[in-house]
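Welcome, and please open your viewer for a walk around this protein. Each stop suggests something to select and then tells you what is there.

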Amino acid sequence: MACDELTSKLNRRLQIEEGGEEPAAMNEPQANGAEKPTTANADSELGAKLLRRGELNDGVGGHHQPSMKVFNPYTEFKEFSRKQIKDMERMFKQYDAGRDNYIDLMELKLMMEKLGAPQTHLGLKNMIKEVDEDFDGKLSFREFLLIFRKAAAGELAEDSGLHVLAKLSEIDVSTEGVKGAKTFFEAKVQAINESSRFETEIRQEQEEKKRQAEERKQRQAAFRELQSTFK
């Protein structure tokens with residue numbers, strides 16, 4: 001009986017909270033003194049549940065929204081050139097079959113098979129675990145870039161799956177990215193000292209786009225001129 005009464009009270013309180021009913025005075029039956037402790041316990045449990053629900057609605061405790069911080073690979077991974085990062089992004093998207101911006105276990109399995117270095121199920125899980133910073137069991141693009149950072153810094157074991165992935169990816173991070181630095185920290189210093197390289201690469205991309213646009217205009221003008229000769 002106490003359980004049914006608690007359920008009824010909870011449903012009614014939730015309806016009132018959601019605007020489904022107007023609150024009404026509730027007369028507690030007090031047939032005898034034995035029911036009072038049960039009713040008090042039920043009210044206490046109900047109050048705790050409603051308080052918990054309020055905390056979740058207010059974002060206090062329990063579930064937290066994921067961070068909305070914007071990830072910029074060019075500023076966070078300055079040891080790599082824009083071309084290298086674009087190559088890594090192209091490779092990441094190639095194997096992101098689900099188009100959800102993650103590489104899961106099965107997609108990583110397919111990647112390693114296509115690279116000619118198939119891994120066991122346990123080996124694949126260990127590969128993800130080594131760079132899985134948010135413990136979601138899959139690779140984000142940032143975590144994918146961490147593979148190449150670790151490879152460039154010499155932090156991957158020779159026989160590890162991640163080392164094999166970086167080696168077979170055809171993305172050279174041992175020379176251009178870190179200029180042959182012996183350690184990651186030396187590479188980081190080099191990246192800071194060469195900060196102007198980032199701006200230079202952007203200007204080069206813009207100049208290349210401008211040149212292509214100019215060539216396209218010239219081709220269009222030549223085509224229109226050719227058309228006019230046949231009129």
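Start by selecting H121, L122 and K129: these exposed residues sit on the face of α6 turned away from its buried side. Exposed here means over 50% relative accessible area, buried means under 20%, and partly exposed lies in between (1.4 Å probe, protein chains only). Helices are DSSP runs of H or I with at least four residues, strands are runs of E with at least two, and both are numbered from the N terminus.

Before you go further, note that this is a predicted model, in which local features need pLDDT of at least 70 and side-chain atom pairs count only at pLDDT 80 or more, while totals for chains, interfaces and linings use all residues. Residues are numbered from 1 along each chain as its sequence is written, and side-chain values use heavy atoms, with hydrogens and water left out.

**The other side of α6**

Now select the whole of helix α6, residues 121–131, and colour its buried residues: G123, L124, M127, I128 and V131. Look down the axis of α6: these residues fall within an arc of 135 degrees, so they line one face of the helix. The arc is taken from the directions that run from the helix axis to the C-beta atoms.

Which helices do the buried residues of α6 pack against? Show α5 (105–114), α7 (141–152) and α8 (161–168), and you have the partners. A contact here means heavy atoms within 4.5 Å.

**The largest nonpolar core**

Next, select M91, L108, M111, F144, I147, F148 and L165. In the largest nonpolar core, which has 32 residues, these touch the most other members. Such a core is a set of buried Ala, Val, Leu, Ile, Met, Phe, Trp, Tyr and Cys residues joined through side-chain atoms within 4.5 Å. Helices α4 (82–95), α5, α6, α7 and α8 each supply at least two residues of this core, and α7 gives the most, with seven. In soluble globular proteins, nonpolar side chains tend to be buried together.

Zoom in on L108. Leaving aside neighbours within four places in sequence, L108 is in contact with I103, L124, M127, I128 and L165. Two names may look familiar from the previous stop: L124 and M127 are among the buried residues of α6.

**Helix α8 and its histidine**

Move on to α8, where G161, L162, H163, L165 and A166 are buried. They pack against α4, α5, α6 and α7.

Pick out H163 within α8. H163 counts as buried because its relative accessible area is 17%. Its side chain reaches the backbone oxygen of E158 at 3.4 Å. This is a polar contact, a pair of N or O atoms within 3.5 Å; within protein, one must be able to donate a hydrogen and the other to accept it, and residues adjacent in sequence count only if both atoms are side-chain atoms. Beyond residues up to four places away in sequence, H163 touches L156, A157 and E158. Just after α8 comes E170, whose phi is positive, near 65 degrees.

**The loop between α4 and α5**

Select D96 in the loop between α4 and α5. Is D96 buried or exposed? With a relative accessible area of 3%, D96 is buried. Apart from neighbours within four places in sequence, D96 is in contact with N101, Y102, I103 and E107.

R99 lies in this loop too. R99 is exposed, at 60% relative accessibility, and its phi is positive, near 55 degrees. Most residues other than glycine have a negative phi.

**The loop between α6 and α7**

Now find F135 in the loop between α6 and α7. F135 is exposed at 74% relative accessibility, and its phi is also positive, near 55 degrees. G137 shares the loop between α6 and α7 and counts as partly exposed at 41%. G137 touches I128 and D132, not counting residues up to four places away in sequence.

**Zooming out**

Finally, show the whole protein: 10 helices and zero strands. Of its 231 residues, 29% count as buried. To place your stops against a record, select residues 83–118 and 119–154, which an unreviewed UniProt entry lists as "domain: EF-hand". UniProt positions follow the numbering used here, feature names are shortened, and annotations may be inferred rather than shown by experiment. The end C-alpha atoms lie 28 Å apart for residues 83–118 and 21 Å apart for residues 119–154.
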